Amino acid sequence: QVQLVESGGGLVQAGGSLRLACVASGSIFTSSTMGWFRQAPGKQRELVASITTGGGTVYADSVKGRFTISRDNARTTVYLQMNSLKLEDTAVYYCNLANGFGGWSINGYWGQGTQVTVSS
């Protein structure tokens, strides 16, 4: 059973930066596409960025050019560097892995997430 622990969130002013980290337990990490998601109050969870085992990345249009996803397989950790933060980036951020069936998460598991709050 994989476990995911997100960290690095906090309160930051608009235009600032944060770096999120997600440590995954279990050997499945190195063979999995990983993704960062976010959920703002009253909104559905959305995929922000993903990275394949080969390092290929995909970003949501709303974060292109501002966020960078990366991974360290030796540390079973995926990162999200967030620059030029905007008020609308405020959300709880989660990571997860692709389940091999076209979706995300194994057995519906999600970590606790990390809160990012951007202030004006």
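Colleague: How far apart are the closest N and O atoms where Asp89 forms a salt bridge with Arg38?

Modeller: This is a predicted model, in which local features need pLDDT of at least 70, side-chain atom pairs count only at pLDDT 80 or more, and totals for chains, interfaces and linings use all residues. Residues are numbered from 1 along each chain as its sequence is written, and side-chain values use heavy atoms, with hydrogens and water left out. A salt bridge here is a side-chain nitrogen of Lys or Arg within 4 Å of a carboxyl oxygen of Asp or Glu. For Asp89 and Arg38, the closest N and O atoms are apart by 2.8 Å.

Colleague: How many residues apart in sequence are the parts that Asp89 and Arg38 tie together?

Modeller: Strands are DSSP runs (E, at least two residues), numbered from the N terminus. Arg38 lies in strand E4, while Asp89 lies in the loop between E8 and E9, so the pair ties together parts whose separation in sequence is 51 residues.

Colleague: Does Asp89 count as buried or exposed?

Modeller: Buried means under 20% relative accessible area, exposed over 50%, and partly exposed in between, with a 1.4 Å probe and protein chains only. Arg38, the partner, has 6% relative accessibility and therefore counts as buried. Asp89 has 0%, so it too falls under the cut-off and counts as buried.

Colleague: Which residues do salt bridges that share partners join into one network?

Modeller: The count of salt bridges comes to five. Lys64 and Asp61 meet in one of them, at 3.1 Å from N to O, and Asp61 is exposed, with a relative accessible area of 65%. Arg75 and Asp72 meet in another, at 2.9 Å. The network formed through shared partners consists of Arg38, Glu46, Arg66 and Asp89.

Colleague: In which order do six strands form an open sheet?

Modeller: Strands of a sheet pair through backbone hydrogen bonds, either parallel or antiparallel. Two strands are taken to pair if DSSP finds at least two bridges between them. The pairing in this open sheet is mixed: E2 and E10 run parallel, joined by four bridges, whereas E9 and E10 pair in the antiparallel sense over three. The order of the six strands is E2-E10-E9-E4-E5-E6.

Colleague: Which strands stand at the edges, each with a single partner strand?

Modeller: A strand with a single partner has one side left without a neighbour in the sheet. That is the case for strand E2 (10-13) and strand E6 (57-59).

Colleague: Which residue in E10 is the bridge partner of Gly10?

Modeller: E10 has an uncovered face, Gln115, Thr117 and Ser119, and a covered one, Thr114, Val116 and Val118. Ala91 has Val116 as its bridge partner in E10. The bridge partner of Gly10 in E10 is also Val116.

Colleague: How far apart in space are Val92 and Gly113, C-alpha to C-alpha?

Modeller: Val92 lies in strand E9. Leaving aside neighbours within four places in sequence, Val92 is in contact (heavy atoms within 4.5 Å) with residues including Phe37, Arg38 and Gly113. Val92 and Gly113 are 21 residues apart in sequence, and their C-alpha separation in space is 5.9 Å.

Colleague: Which residue in E8 does Leu20 stand opposite?

Modeller: A second open sheet has four strands in the order E1-E3-E8-E7, with antiparallel pairing. Strand E1 (4-7) and E7 are the edge strands, each pairing on one side only. Within this sheet, E3 and E8 pair over six bridges. Opposite Leu20, in E8, stands Leu80.

Colleague: Which residues touch the most other members of the largest nonpolar core?

Modeller: A nonpolar core is a set of buried Ala, Val, Leu, Ile, Met, Phe, Trp, Tyr and Cys residues joined through side-chain atoms within 4.5 Å. The largest one has 29 residues, and the strands that each supply at least two of them include strand E3 (18-24), strand E8 (77-82) and strand E10 (114-119). The members that touch the most others are Trp36, Phe67, Ile69, Val78, Leu80, Met82 and Tyr93.

Colleague: Which residue does a disulfide join to Cys22?

Modeller: A disulfide is a pair of cysteine sulfur atoms within 2.5 Å, and the structure holds one. Cys22 lies in strand E3 and its partner in strand E9, so the pair ties together parts that are 73 residues apart in sequence. Both cysteines are buried. The S to S distance is 1.8 Å, and the partner of Cys22 is Cys95.
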